[in-house]
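Welcome! Open the model in your viewer, keep the selection tool at hand, and follow along stop by stop.

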Amino acid sequence: MSSATKASRIGEELWKTRVDKVNAELVTLTYGTIVAQLCQDYDGNYQEVNKQLEKMGYNIGMRLIEDFLAKSNVGRCANFRETADMIAKVGFRIFLNIAPTVTNWTSDNNQFSLVFDENPLADFVELPDDGRAQDELWFSNILCGVLRGALEMVQMQIEAHFVSDVLRGDDTTEMRVSLVRYIEDEMPPDEE
Amino acid sequence: MSYYFTVLSPTDVPLFNIAFGTSKSGGDGIARFRFPDTAQYMNQFIIHSSLDVVEEAQWMNGNMYLKHIDTYPPASAYISAFLTPSGARFLLLHQPPQLPTNASSATTGSSSLLGSSFSGSAGSSSRASASSVAANPTSPQTEEAVRQFMTEVYENYVKTVMSPFYRQGMEIKSSVFRSKVTAAGRKWL
Amino acid sequence: MTQPQPPRHAAMLSISNGGSSLAAAADKQQPPQHLHTQSQSSQGLRVPSNRKTIYDRHLNRSRNAELSRASFAFLFAEMVTYAQRRVTGIQDLEKRLNEQGYPLGLRLLDLLFYRTMSSSTSSSLSSSSTSSSPPNRPLRILPLLHLIHGPLWRLLFNRPADALEHSVSPETPNEYMITDNDPLVNTYISVPKEMNMLNCAAFVAGIIEGVCDGCGFEAKVTAHNQPTEMWPGRTIFLLRFGESVMEREKVLERAGVK
């Protein structure tokens with residue numbers, strides 16, 4: 001069994017048995033409220049909004065990893081490819097009930113893409129028609145921060161950013177994830 | 001039949017407007033108002049003068065669709081209303097085609113809109129029966145067709161307001177929304 | 001009615017665009033019409049090549065969908081933390097949370113009615129109307145409160161609220177209370193010690209206020225901690241309706257409107 005298939009099964013099993021649930025629309029609408037509020041507070045400075053969302057995600061990721069490890073009870077991943085499957089098929093399943101596709105690996109196995117067929121955070125959303133939002137705002141940027149925060153807690157420094165989004169008129173929603181380095185045990189995590 | 005449809009905010013700010021003609025009984029979907037030069041102004045004026053009636057009916061009748069609520073005889077304009085629970089008003093003005101005997105008085109308007117007006121209105125009125133949607137603004141068939149139209153527009157309106165970036169009172173500028181309203185008009189009216 | 005001129009004038013200009021371009025497109029038959037829609041969308045938002053927009057997604061698609069409760073808690077906590085950084089005190093913070101909930105109330109109101117209209121099998125919004133007829137807009141306070149206590153709560157939290165009461169004091173006939181014994185928004189939120197008076201359900205109070213205002217019932221809604229031994233997170237939502245609402249209520253009562 002491939003690591004991806006195995007991870008998919010674990011993810012689905014956990015979603016069914018170990019996850020307390022709420023109405024999906026409550027989550028979707030709450031997230032929409034957060035982004036809209038940021039856009040208002042930063043007066044349409046979408047770069048700053050992206051940054052703030054990433055920061056919020058980072059805070060969430062650092063706490064979410066505990067919940068993830070407690071629920072999934074999975075061991076250390078052997079390599080970054082296994083980590084990618086664990087994120088896509090277990091992590092995203094537990095928290096957003098989706099399983100993005102892992103693809104576009106670089107030959108050194110340090111970079112991959114997550115392609116989202118579905119994104120509950122973006123349901124109901126149409127970006128502002130101001131001639132800028134579709135070029136500048138990454139609506140779901142919080143997810144990049146979540147990955148960075150969560151993986152930092154398990155000694156991996158990564159960098160994540162969106163490269164396309166259907167909300168911008170792209171045909172796919174794709175996030176690029178790169179491993180920067182494994183953090184040595186003695187290094188404390190970057191606190192914000 | 002010519003139609004002018006507008007969405008007003010709870011404080012009467014126009015959020016969306018569209019003019020179109022019937023697609024029933026061989027109609028081509030193009031609006032031909034009786035006084036084309038002043039139609040834009042007149043339609044808005046007539047709609048706004050019906051708001052008092054809407055506001056009164058709003059608290060006596062809990063239905064979303066209030067049916068035909070007002071008539072403005074000088075322009076043979078009939079107004080139907082639909083109220084969303086969140087306070088937006090959908091108002092539809094319908095104006096039946098002019099009788100062929102009077103049509104010549106309208107030929108002084110702009111040529112692009114009126115070029116086919118004479119034959120078009122005469123043709124549709126002779127073909128349509130008195131109870132059809134295209135001819136009689138207050139028949140039960142028309143009330144039902146308007147209800148279907150309003151309901152379909154409401155569905156698209158809800159999709160608009162569900163977006164976190166939409167704020168109450170914002171003009172609806174989406175061309176997709178416009179095309180959905182046009183399609184609903186073609187389908188039901 | 002006190003609307004300044006510019007918006008109306010602008011809207012009138014936009015009809016002339018809409019009207020004439022519609023006529024032009026229809027005149028030129030099929031191919032030009034296609035070009036026309038393309039040129040229009042290039043000025044507005046871009047859409048994916050499958051042309052899917054919010055208008056192509058069914059409003060009931062996520063109706064029964066679920067997500068993790070932890071995800072909600074994480075997002076909500078971030079929202080509170082972020083709001084906290086931009087305010088000076090608890091009152092300010094609750095006001096801000098209230099303001100963030102308000103537009104959600106307006107949205108949920110339309111969504112609720114749409115769903116009741118579009119489904120013949122589900123229970124209708126008010127107990128008085130039958131399930132086959134479209135829902136009625138609430139005209140009186142009581143049906144409005146039932147709408148909040150039942151359908152709104154079920155949409156948000158998958159269960160009705162726990163109690164609905166009218167103030168017993170003759171001095172405050174405009175006050176009503178909706179109780180939630182265990183609000184979801186307080187379950188996972190640990191409030192900092194210096195903020196122990198804070199009730200994050202102010203967000204939900206804002207949602208309720210949006211629903212009331214949307215329906216034409218001007219109201220102020222606040223959330224208050226009322227713990228009991230059994231329900232440490234128990235919260236009372238206090239709804240205070242404005243004078244104009246109470247006046248209308250009397251008129252409608254006399255007119256026999258329910």
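## A tour of chain A and its contact with chain C

Start by selecting chain A and colouring by burial: 47% of its 192 residues count as buried. Keep in mind along the way that this is a predicted model.

**Stop 1: the whole chain.** Switch to a cartoon view of chain A, where you can find six helices and five strands. Walking from the N terminus, you meet them in the order α-β-α-α-α-β-β-α-α-β-β. The radius of gyration of chain A is 16 Å, close to the 16 Å that the globule rule gives for 192 residues, so the chain is as compact as a globular protein of that length. Along the principal axes, its C-alpha atoms fill a box of roughly 45 × 35 × 30 Å. If you display contacts in chain A with a separation of 6 or more, 62% of them join residues 24 or more positions apart.

**Stop 2: the sheet.** Which strands form the open sheet, and in what order? Select four strands of chain A and you will see β2-β3-β5-β4, with antiparallel pairing. Look at the edges next: β2 (101-103) and β4 (156-164) of chain A each have a single partner strand, so one side of each is left without a neighbour in the sheet. As you rotate the view, note the twist, which averages 25° from one strand to the next.

Now zoom in on β3 (residues 111-116) and β5 (residues 173-182) of chain A, two antiparallel strands joined by six bridges. Pick A:L114, and you will find its bridge partner A:M175 in β5(A).

Add α4(A) to the selection: this helix packs on the sheet and touches β2, β3 and β5 of chain A. The direction of α4(A) makes about 155° with that of β2(A).

**Stop 3: where chain A touches chain C.** Bring chain C into view. The contact takes 38 residues from chain A and 27 residues from chain C. On the chain A side, β1 (21-23), α2 (24-41), α3 (46-72) and α4 (80-96) each supply at least two residues. Which of the elements gives the most? Select α2(A), which gives eleven residues. Colour this side of chain A by class and you will see 18 nonpolar, nine polar and eleven charged residues.

**Last stop: a pairing across chains.** Select β1(A) together with β1 (residues 66-68) of chain C: three bridges join these strands, which run antiparallel. To finish, click on A:N23, which stands opposite C:E66 in β1(C).

How values were computed
Residues are numbered from 1 along each chain as its sequence is written. Chains are lettered from A and ligands numbered from 1 in the order in which they are written. This is a predicted model: local features need pLDDT of at least 70, side-chain atom pairs count only at pLDDT 80 or more; totals for chains, interfaces and linings use all residues. Two residues are in contact if their C-beta atoms, placed from the backbone, lie within 7 Å. Ala, Val, Leu, Ile, Met, Phe, Trp, Tyr, Cys and Pro count as nonpolar, Asp, Glu, Lys and Arg as charged, and the others, Gly among them, as polar. Two strands pair if DSSP finds at least two bridges between them. The radius of gyration is taken over C-alpha atoms; the globule rule is 2.2 Å times the number of residues to the power 0.38. A residue is buried if 20 or more other C-beta atoms lie within 10 Å of its own, exposed if 12 or fewer, and partly exposed in between; C-beta atoms are placed from the backbone. Axes are lines fitted to C-alpha atoms, for helices over the stretch in contact, and angles run from 0 to 180 degrees between N-to-C directions.
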